[in-house]
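This briefing addresses the fold, the salt bridges and the surface charge of the protein shown below. Please read it alongside the sequence and the structure.

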Amino acid sequence: MKLNETLLLAGAAGALIIWILEYQRTSFLDSYVYLMLCLGLLFAFQYVRNKRLQREKFISPTIKQMAADQKKKKKK
């Protein structure tokens, strides 16, 4: 996990905690902004993470090993 992903996730957790505390103090409508901030940060985290994984073309080691084995079989 990269730094920007960690910061987005921590920000979402912080906004959720603030929303819970604000919801106990006031009404739902008054604390709605913090809930939406939390969801927005979670969506941003997911977007950034998926973009990074696409860039890295994340492939599990077992799939890499299977591809290498198939190449060896074709050479024979």
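**Briefing: salt bridges and overall form**

E22 counts as buried, as its relative accessibility is 17%, below the 20% limit for that class. The model under discussion is predicted. The protein has three helices and zero strands, and two salt bridges are present in the structure.

**Salt bridge within helix α1**

- E22 pairs with R25 in a salt bridge, and the closest N and O atoms are 2.6 Å apart.
- The two residues, R25 and E22, are three residues apart in helix α1, which means that about one helical turn separates them.
- R25 is exposed, with 63% relative accessible area, whereas its partner E22 is buried at 17%.

**Salt bridge between helices α1 and α2**

- A salt bridge also joins the side chains of E5 and R52, with an N to O distance of 2.6 Å.
- E5 belongs to helix α1 (residues 3-25) and R52 to helix α2 (residues 28-56), so this pair ties together parts that lie 47 residues apart in sequence.
- Both partners, E5 and R52, are buried; each therefore has a relative accessible area under 20%.

**Positive surface patch**

- K71, K72, K74 and K75 form a positive surface patch.
- One of these residues, K75, lies in helix α3, which covers residues 61-75.
- K75 is exposed, because its relative accessibility is 75% and the exposed class begins over 50%.

**Overall form**

- From the N terminus on, the order of elements in the protein is α-α-α.
- The radius of gyration of the protein is 21 Å, whereas a compact globule of 76 residues would have a value near 11 Å.
- The C-alpha trace of the protein extends over about 75 × 20 × 15 Å along its principal axes.
- Buried residues make up 14% of the 76 residues of the protein; E5 and R52 are both buried, and E22 is also buried.

**Points for review**

- Which residue forms a salt bridge with E22? The partner of E22 is R25.
- Which parts of the protein does the pair of E5 and R52 tie together? The pair links helix α1, where E5 lies, to helix α2, where R52 lies.
- Which residues form the positive surface patch? The patch consists of K71, K72, K74 and K75.

Methods
Residues numbered from 1 in each chain as written. Predicted model: local features only at pLDDT ≥ 70, side-chain atom pairs only at ≥ 80, totals over all residues. Heavy atoms only, no water. Salt bridge = Lys/Arg side-chain N within 4 Å of Asp/Glu carboxyl O. Helix = DSSP H or I, 4+ residues; strand = E, 2+ residues; numbered from the N terminus. Buried < 20%, exposed > 50% of the residue type's maximum accessible area, 1.4 Å probe, protein only. Patch = residues over 30% accessible without salt bridge, like charges linked within 9 Å, V, L, I, M, F, W, Y side chains within 5 Å. Areas by Shrake-Rupley, 256 points an atom, 1.4 Å probe, with all protein chains shown as cover. Lys, Arg positive; Asp, Glu negative; His and termini not counted. Charge placed at Lys NZ, Arg CZ, Asp CG, Glu CD. Rg over C-alpha atoms; globule rule 2.2 N^0.38 Å.
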